[in-house]
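Visitor: Hi, I have a structure open and would like to talk it through. Could you go through it with me, chain by chain?

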Amino acid sequence: MLRFLLHRGGQALVAAFGVVTLVFFIQRLTGDPTALLLPETATQADIEAMRSALGLDRALWVQYVDFLWDMARFDLGRSFVQNADVWDIILSRLPRTLQLAAGALCVALLIGLPLGLIMALARERAVSRWIMGAVLAFQSMPTFWSGIMMILVFGVWLQWLPPSGTGSLAHLVMPSIALGLLSLATYARITRASVIDELLRDYVRSARARGVGTGRLVRKHLLRNALIPIISITALELSQLLAGAVIVETVFAWPGLGLLTVQSIASRDFLVVQAVVLLGAFVTIGANLAADILYSVVDPRVRLGAKA
Amino acid sequence: MSAAAPARRSFRAADLLSWWPAWLLFALVLCALFAPWLAPMDPDRQNLLARLKAPGFEARGAVYHLGSDELGRDVLSRLIYGARISLSVAVLSVLLSGVVGVTVGMAAGYLRGWTETVLMRLVDIFLSIPAILLAIITVAVLGPGFVNVILVLALTRWPRYARVAYGQTLAIAERPFVRLSRAMGASPARVIAVHILPNIVGPLLVVATLEFGLMVLFEAGLSFLGLGVQPPTASWGSMLSTGRNYLATAWWIATFPGLALFLLVLSANMIGDRLSDRIGKG
Amino acid sequence: MKHTMRALLTGAALAVFALPAFAKDLTVDLAGEPSSLDPQVQWNPDSYYVYRNIFDNLVTRSNEGEIVPEIATEWEQVSDNELVLTIRDGVTFHDGSALTPEDVVFSVKRITDPAFASPQLGQFNQITGAEVMEGNKVKLTTNGPYPALLAQLVKLSIVPKAVVEEVGDEAFNAAPVGSGPYKFESWDRGVSVTLTKNADYWGEEGPFDAAIFRAVPDAATRVADLQAGAADLVVSIDSDAAAQLQNNPSVKVLSAPTERVAYLGLNLDIPPFNNLDMRKAASLAIDRQGIIDGLLQAGEQPVAQLASPAHFGYAEDIAPFEYDPEQAAEIVKAHPDLAATPVSFGTAPVFDQRVVQALQQMLNDVGFNVEISMTDMPTYLAAARAEDRAQRPGASFGRWSCACQDADGIAYPLLKSDSSWSRVNDPKIDELLEKARVSLDEQVRKDAYAEVAQIVRDQYYVLPIYQAAVLYGASAKLGFEPTANESMFLNRMTWEE
């Protein structure tokens with residue numbers, strides 16, 4: 001086990017290193033931040049002077065070595081565009097991203113899980129098909145569209161919720177729903193599939209034969225066993241949520257890491273992009289690693305056998 | 001180990017009807033194929049004097065059945081031509097990412113060892129690069145356009161197929177008939193092609209169908225971020241992303257492509273869902 | 001009935017979530033976050049809107065566009081390259097210290113110091129010296145006669161020497177101290193910047209206790225914020241977004257012509273636009289009035305030169321461009337090879353895509369083969385300023401602003417053969433531009449710019465299209481007069497309950 005962890009952990013580090021190296025070089029292929037930092041009237045000499053002031057005129061490998069040395073000291077540098085320490089920028093955005101991801105996860109889990117359960121228990125009936133249709137419908141709208149529709153209905157017309165921005169729990173509601181609807185279908189589907197799987201097992205049949213009621217069966221056995229694939233999908237889903245929030249954050253002016261990523265790429269703010277990508281790589285690779293460990297460590301059949 | 005095979009039933013009219021997502025998809029494909037004959041107007045023809053006109057508006061003897069857009073173009077014609085772009089972007093990007101991802105996943109799952117480590121870490125790396133970064137860089141380096149939209153989508157989505165193919169291959173490769181074939185000296189390429197691929201194609205098909213719907217949405221997202229197909233070419237995504245700015249004054253610009261896109265993605269999702277019920281978990 | 005329900009539900013929602021109150025505070029939705037609040041670092045609209053209210057500049061422009069005193073009460077050109085300014089008495093910074101001529105000299109030296117690497121250096125590097133003189137005066141020296149100096153000084157903010165030296169540049173940017181009508185209060189990174197009223201301001205006070213500048217990137221969301229009452233003023237909207245506000249009595253649309261001139265840039269080094277006939281055909285194909293009446297509708301004016309009436313150096317006698325698609329089609333038909341050459345029309349999402357697509361259609365209608373190539377802004381800029389001019393896009397659409405309202409700020413970068421933006425290589429234009437740049441005789445300058453404008457008009461080097469207007473969405477209660485240089489002075493606004 002420890003060997004496995006060390007092995008995979010080492011590989012994860014190598015992959016993360018690969019990501020930042022790749023990103024370091026590819027983003028320098030296309031333009032640089034001076035293009036947008038300087039006013040339109042800047043002359044070629046002004047541009048050269050600014051490149052030199054930012055250290056962008058040095059050989060690429062020198063910049064790369066410099067970057068690695070900074071990384072080794074946990075120094076993320078200073079943003080060219082925002083004129084602030086990259087650590088401070090990331091740390092100011094991180095809580096917002098976590099709030100949004102948590103909100104979206106809540107929406108997806110609190111609605112997706114029960115719907116999946118109902119669909120599994122009522123799988124022979126028409127209601128199951130209707131629910132599935134509705135769940136799939138949620139997943140079939142582009143967020144930039146569903147987002148602005150929500151803003152217009154709940155923000156402008158009914159005025160129940162603030163249309164955009166941050167500041168209170170109310171601000172979190174619409175972005176969470178817009179983002180959560182995407183994962184909702186995944187959860188509903190997985191829950192349905194794994195509960196159906198469990199329903200067909202011997203222990204459920206014998207429990208039913210002993211006269212155990214549906215409610216008790218669901219609480220005591222079904223959900224617990226069905227939770228394993230749900231947990232492992234959450235690890236992956238979470239990294240998707242962190243990355244997939246770009247459009248939701250843009251529409252709702254939610255200052256999370258997704259919006260920061262787009263804006264930093266758009267202004268070629270190299271150091272910020274590198275830092276965000278590095279963070280994202282750790283989360284994604286970590287989540288994949290966690291999912292793999294869950295798969296290899298927690299074999300549902302083993303646990304089931306022990307209980308039966 | 002999974003759900004029992006569905007009971008075989010004879011075909012009835014109700015079955016045909018219950019496959020409406022497939023019929024809808026079929027109709028959209030026809031729409032795309034025969035766009036030049038179906039569209040009442042040139043989809044890119046502007047008329048600045050007939051901007052933002054409501055459905056049914058008549059100008060110069062032509063009727064704008066679904067209204068006109070922000071440059072006075074016929075929404076119906078753009079919708080019909082847009083089906084071409086939206087469908088072909090989705091189909092081609094699914095094919096490209098599927099072929100690349102499945103090849104990588106099967107190679108990693110069958111060959112194991114160093115190949116596995118290198119390929120699967122590559123998958124991790126690609127999964128961790130933000131899609132938006134890949135999109136901007138691709139457009140910046142290769143230039144914008146239809147082909148590069150497909151490339152962007154394939155670049156960001158192949159790891160998903162690779163992971164599924166990898167997991168499935170691992171399971172199949174340990175089966176006796178594969179071991180036997182290997183022991184008898186079949187080359188890896190042959191074992192993969194003859195034994196493994198046919199056995200994992202079911203779950204992959206499910207993934208591909210669901211991805212198809214996602215690709216339609218992603219193309220729309222790229223349009224929203226200004227990285228989609230080049231104007232004035234119509235795609236449902238680009239129509240929707242400009243139309244959303246006109247919801248209060250010209251609802252028809254966004255509503256019709258939105259509905260079309262919604263139905264397309266919904267049918268793809270429903271087909272994927274049915275498939276996964278028949279074939280086993282996706 | 002429906003309204004009662006709505007009111008009830010709204011009440012319930014309010015009880016559950018405490019919504020922030022907007023009493024006497026102004027909320028402004030900008031497209032992006034300020035990148036810096038140090039006025040001597042980056043210049044971009046979103047930063048400028050905010051920091052211009054924290055700081056006073058040496059001189060400023062009235063709403064009518066005249067250069068008027070701010071920190072400098074009067075000024076005198078004492079020689080060809082020396083300007084003496086008298087500094088206003090009794091101005092204090094927000095920390096209570098007095099604004100002195102030393103602060104002015106410090107500010108000039110700071111922004112012109114190459115080591116400080118201000119992105120605005122290019123606008124001030126003609127200034128070679130600044131010194132304090134007797135009687136509250138400051139003398140600025142330029143490296144030659146520099147007629148655009150005052151226009152540039154409109155953009156020079158005065159920072160407190162003592163504070164900057166004490167806290168350093170980084171800390172100053174994070175918590176700036178100025179002398180303007182509003183004080184810096186807080187900066188919630190990524191979200192908003194809050195300013196509060198400076199009760200001790202020497203000039204006119206603003207009507208708001210506080211002003212909150214938020215970053216809202218999506219234009220549709222900004223419009224929704226305004227309609228919902230969550231914002232009182234929104235920037236960067238187009239005429240179609242403005243049209244959405246028309247039926248709502250609680251909001252209004254404000255607009256003003258700006259000093260921006262929209263133009264179609266042509267690549268003179270590659271076919272088809274290396275040919276004068278083809279350039280003329282392109283100009284004849286463009287229905288300038290049609291674009292204005294059909295699309296823009298915000299008081300834009302067709303122009304036949306790169307300067308607008310808001311600029312010094314605007315030439316009165318340039319004949320307007322004609323619109324004659326038939327003649328254009330004939331010219332193009334006479335050059336079939338050139339007409340078939342594909343033209344890549346480079347653009348980025350920030351430009352009005354309606355205009356870009358309309359231009360493409362108009363050119364293709366007369367027989368050109370134009371394709372739009374949209375990339376993100378840095379990619380577009382890199383292509384448009386490529387060292388090898390043949391590599392640049394065949395056509396591009398721009399809306400130029402030098403924020404100086406002087407023809408020098410447009411003509412020099414766009415037309416001088418060695419400027420990074422220029423596609424033109426005309427010795428006569430170069431000579432005239434140099435002459436106008438260093439002459440202190442207004443008539444000499446005006447004549448030179450008029451001559452340049454005529455050459456550009458005759459040669460169709462660049463195709464000016466219209467003088468752009470700026471649009472704002474505002475609460476009906478807000479009194480705000482937009483200006484040509486797109487300033488947003490809180491203390492020039494009013495608020496009526």
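Visitor: What share of the contacts in chain B with a separation of 6 or more comes from residues 24 or more positions apart?
Guide: Please keep in mind from the start that this is a predicted model. In chain B, residues 24 or more positions apart account for 71% of the contacts with a separation of 6 or more.

Visitor: And what is chain B built from, in helices and strands?
Guide: Chain B has 11 helices and two strands, and if you follow the elements from the N terminus, they run α-α-α-β-β-α-α-α-α-α-α-α-α.

Visitor: How many residues does chain B have, and what part of them is buried?
Guide: There are 282 residues in chain B, and buried residues make up 55% of them. The surface that chain B exposes is about 12100 Å², with 68% of it supplied by carbon and sulfur atoms, while its C-alpha atoms fill a box of roughly 75 × 55 × 30 Å along the principal axes.

Visitor: Where are the charges of chain B, on average?
Guide: Chain B carries 23 positive and 14 negative charges, and the mean positions of these two groups are 7 Å apart.

Visitor: OK, over to chain A. How many helices and strands there?
Guide: Chain A comes to 14 helices and zero strands, which you can also read from its pattern along the sequence, α-α-α-α-α-α-α-α-α-α-α-α-α-α. The C-alpha trace of chain A spans about 85 × 60 × 30 Å along its principal axes.

Visitor: Same questions again, then: what about burial, contacts and charges in chain A?
Guide: Of the 308 residues of chain A, 56% count as buried, and among the contacts between residues at least 6 apart in sequence, 76% join residues at least 24 apart. Chain A has 26 positive and 19 negative side chains, with the centres of the two sets lying 20 Å apart. The accessible surface of chain A is about 13100 Å², and 68% of that belongs to carbon and sulfur atoms.

Visitor: How much area do chain A and chain B bury between them?
Guide: Chain A and chain B bury about 3700 Å² between them, with carbon and sulfur atoms giving 73% of it. On the side of chain A, the residues A:S140, A:F144 and A:W145 supply 16% of the area it buries against chain B, more than any other three residues. The contact takes 44 residues from chain A and 38 residues from chain B, and the count of salt bridges between these two chains is zero.

Visitor: Is there a residue in chain B I could click on there? Which residues does B:N269 touch, say?
Guide: Leaving out residues up to four places away in sequence, B:N269 touches A:L136, A:Q139, A:S140, A:R189 and B:L210. You will find B:N269 in helix α11 of chain B, which covers residues 251-279.

Visitor: Why does B:N269 count as buried?
Guide: B:N269 counts as buried because its relative accessibility is 3%, and the cut-off for buried is under 20%.

Visitor: Now chain C. How many salt bridges are there between chain A and chain C?
Guide: The count between chain A and chain C is three salt bridges, and one of them joins the side chains of A:R268 and C:D376 at 2.8 Å, N to O. The area buried between chain A and chain C is about 4100 Å², of which carbon and sulfur atoms give 58%. Within the area that chain A buries against chain C, A:E40, A:T41 and A:W160 supply 15%, more than any other three residues.

Visitor: Why is helix α14 of chain C described as largely enclosed?
Guide: Helix α14 of chain C, residues 377-384, is largely enclosed by the rest of the structure because six of its eight residues are buried. Those buried residues are C:M377, C:P378, C:T379, C:Y380, C:L381 and C:A384.

Visitor: And what do the buried residues of α14(C) pack against?
Guide: The buried residues of α14(C) pack against elements of three chains, namely α2 (34-37) and α12 (257-266) of chain A, α6 (131-142) of chain B, and β14 (342-347) and β16 (395-400) of chain C.

Visitor: One last residue: where is C:V355?
Guide: C:V355 lies in helix α13 of chain C, residues 353-365, and it counts as buried, at 0% relative accessibility. Apart from residues up to four places away in sequence, C:V355 touches C:I291, C:L295, C:L296, C:F397 and C:Y466.

Conventions: Residues numbered from 1 in each chain as written. Chains lettered and ligands numbered in written order. Predicted model: local features only at pLDDT ≥ 70, side-chain atom pairs only at ≥ 80, totals over all residues. Heavy atoms only, no water. Helix = DSSP H or I, 4+ residues; strand = E, 2+ residues; numbered from the N terminus. Buried < 20%, exposed > 50% of the residue type's maximum accessible area, 1.4 Å probe, protein only. Contact = heavy atoms within 4.5 Å. Areas by Shrake-Rupley, 256 points an atom, 1.4 Å probe, with all protein chains shown as cover. Lys, Arg positive; Asp, Glu negative; His and termini not counted. Charge placed at Lys NZ, Arg CZ, Asp CG, Glu CD. Buried area = accessible area lost by both parts, 1.4 Å probe. Salt bridge = Lys/Arg side-chain N within 4 Å of Asp/Glu carboxyl O.
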